[in-house]
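The following paragraphs lead the reader through a structure, beginning with the surroundings of a ligand and ending with the contact between chains. Please keep the sequence and the structure in view while reading.

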Amino acid sequence: MRPLVLESLATFAFRNLVEVSVTLGPSFNVFSGENGQGKTNLLEAAYVLATSKSFRTSKLAELGAHGADVAGVRGKFREGPDYREQSIGLRGAARAPKVDGKRPKSLFEYAVRSPVVVFHPAEVALSMGPSAERRKLMDRVGAYLSPGLLVELESYRRAVRERQRALEVRGVSARDLPDWEALVVTHGLRVAEIRQRAATELGPRAEQGFARIGTPGLPLVVTYLGHAPADEASFRRALEESRVKDRARGAATVGPHRDDLRLTLGGHVAKGTASQGQHRAIVLALKSAEIEVVSDARGVRPILLLDDVSSELDAARTEALFRFLGAHEGQVLLTTTRPEMITVGTAESRKDFRVESGSVTPS
Amino acid sequence: MLPPKVRRIAQLLTRLPGVGEKTASRYVLHLLAQDPAVCRELGKELALLPDAVGPCSRCGNLAESEEEAPEGAPRICAVCNDPRRESSLLCVVGRVHDLFAIERTGTMRGRYFVLGRLLSPLEGVGPDDLPIPKLIQRVQDEGVTEIIVATPPSVDGEATALFLKRELLPLGVALSRIASGVPHGGDLEYADPITMGRALSGRQRL
Ligand SMILES: Nc1ncnc2c1ncn2[C@@H]1O[C@H](COP(=O)(O)OP(=O)(O)O)[C@@H](O)[C@H]1O
Ligand SMILES: [Mg+2]
Ligand SMILES: [Zn+2]
């Protein structure tokens with residue numbers, strides 16, 4: 001399968017990266033520097049360029065350098081023989097994506113055009129944290145499996161919030177409740193269906209991955225835990241019946257916004273029972289499953305963005321990670337404070353960079 | 001830097017959609033470089049606009065006041081005045097912009113009703129804020145037999161369509177919804193006439 005390659009990346013007033021312009025290699029790109037120099041910002045810039053979103057914040061206004069009016073990222077992607085230039089202009093909370101100088105049909109289309117997968121230290125929450133992280137995983141993958149997911153999700157969320165406001169302002173017999181509930185059901189069932197598919201694709205791959213790196217004899221089982229009633233009629237009824245409760249609670253009780261991806265180790269829910277090492281192995285298994293599913297769905301190897309490799313890494317995890325990286329046939333952008341610990345790649349397949357006070361130079 | 005008068009007008013222009021401070025001052029500087037008559041005429045016409053044009057009292061479309069009409073007299077728009085329009089067919093839209101988008105297709109044989117807003121509790125709009133009694137009145141007075149609901153394909157537009165369906169069903173008229181040729185979450189205003197025309201002709205029973 002052919003890889004997606006980011007050949008060049010340039011930023012303008014993006015966080016502390018005032019004006020960066022780098023030419024990247026097709027396999028390993030290692031960015032090293034002390035803390036607070038702009039390493040994560042650089043990966044974030046690549047992610048924003050590829051998806052028009054950030055993996056760190058939902059507030060786009062944070063991305064512009066302090067005091068700057070406008071900011072931007074630009075880069076050249078190669079996919080097999082094809083090249084394209086993408087750019088994202090940022091002004092406050094507004095973004096203007098372009099592909100080869102033209103506005104894409106929609107942000108949703110732009111978001112799945114150039115697949116990237118991020119690994120960052122906070123992602124251990126995938127296994128240890130609340131369900132929101134696992135829903136995000138299903139949604140990232142689902143967006144590649146079914147391009148309509150992002151629109152459905154946005155519509156679903158809007159309908160849920162409109163219903164909730166109607167309930168709170170005009171009570172449980174507000175005349176428009178049936179209409180909002182009808183839309184919650186229509187969009188909610190589509191979201192649930194796509195998440196179910198995402199879980200079905202992710203599950204077996206993560207389970208096999210865990211069997212290779214995790215605790216022998218202790219199998220990981222991954223299942224979709226849906227919170228939407230199975231069909232239209234029962235979903236409608238459940239919403240109607242929960243009006244009083246939802247009004248008091250200030251949030252909807254039924255619906256896919258409460259979905260989870262259930263992770264069990266030897267029959268026990270991983271969260272709360274697994275060891276630190278097991279959690280890390282689960283996360284690595286889920287991330288490699290994400291890469292595989294996205295690759296298959298999109299027909300191209302995604303770019304891997306790995307943040308802060310080596311910070312407090314134990315030897316076993318490092319080894320598992322490097323074995324995994326060694327097998328990855330695509331492009332990798334990796335940041336570290338300790339370049340001497342990063343043993344991936346050969347002299348030819350690896351390019352090193354130094355990140356210092358917001359500037360990036362080859363080293 | 002800019003003289004206060006220029007700044008003041010530029011400030012006013014930034015209220016227009018898509019016009020930032022830079023563009024606004026460019027507009028003012030451009031106007032200053034023109035024949036002074038351009039500024040005077042623009043100013044004169046703008047000052048007359050609010051009294052000369054306003055919503056049609058029947059459908060909500062933009063309508064010009066009759067010459068010499070007393071202040072506050074009801075205005076009737078060109079579509080409502082057009083005798084070739086079928087009064088049995090009524091198209092319900094959210095905003096005047098959407099009416100224009102449909103008119104551009106040149107395929108609408110009937111008349112319009114502009115709601116002026118869409119249901120949205122989040123934006124403070126509930127069922128009682130929609131002009132439903134006025135709509136029902138028109139259906140009855142004008143012998144409307146078919147209603148096309150052309151609210152946008154957004155969540156609020158869909159909810160409004162569903163709500164209208166329940167309110168209008170007892171009247172016994174044929175109800176249809178424009179087909180989703182318009183991208184979901186999209187805006188009718190930005191749909192090209194061909195897409196819009198297809199959405200109209202492919203309308204489905206509600
Ligand atoms: N919007 C912004 N404008 C300017 N500087 C920013 C902005 N956001 C973050 N920074 C700066 O970026 C630096 C952190 O960069 P980061 O990439 O997180 O560092 P690290 O190299 O440790 O990954 C900090 O010095 C922070 O002040
Ligand atoms: Mg960092
Ligand atoms: Zn009229």
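In this predicted model, the residues of the shell around ligand 1 comprise ten polar, three charged and two nonpolar ones. Among the 15 residues around the ligand, those that come nearest are A:Arg15, A:Asn16, A:Lys39, A:Thr40 and A:Asn41. Helix α1 of chain A supplies the largest share of this shell, namely three residues.

The same helix leads on to the sheet of chain A. Helix α1(A), formed by residues 39-51, packs on that sheet and touches β1 (4-14), β2, β4 (70-79) and β5. The direction of the helix makes about 110° with that of β1(A).

The sheet itself is open and consists of five strands with antiparallel pairing, in the order β2-β1-β4-β5-β6 (chain A). At its edges lie β2 (17-23) and β6 (94-99) of chain A, each of which pairs on one side only. From one strand to the next, the twist averages 15°.

How many bridges join strand β5 of chain A to β6(A)? There are six, and the two strands, of which β5 covers residues 82-91, run antiparallel. One residue can be followed into this pairing: A:Arg91 has A:Ala94, in β6(A), as its bridge partner.

Finally, the structure may be viewed at the contact between its chains. Chain A contributes 17 residues to this contact, and chain B contributes 13 residues. On the side of chain B that touches chain A, eight residues are nonpolar, four are polar and one is charged.

Note on methods
Residues are numbered from 1 along each chain as its sequence is written. Chains are lettered from A and ligands numbered from 1 in the order in which they are written. This is a predicted model: local features need pLDDT of at least 70, side-chain atom pairs count only at pLDDT 80 or more; totals for chains, interfaces and linings use all residues. Two strands pair if DSSP finds at least two bridges between them. Helices (H or I, at least four residues) and strands (E, at least two) are DSSP runs, numbered from the N terminus. Axes are lines fitted to C-alpha atoms, for helices over the stretch in contact, and angles run from 0 to 180 degrees between N-to-C directions. Two residues are in contact if their C-beta atoms, placed from the backbone, lie within 7 Å. A residue is near a molecule or strand if its C-beta atom, placed from the backbone, lies within 6 Å of it. Ala, Val, Leu, Ile, Met, Phe, Trp, Tyr, Cys and Pro count as nonpolar, Asp, Glu, Lys and Arg as charged, and the others, Gly among them, as polar.
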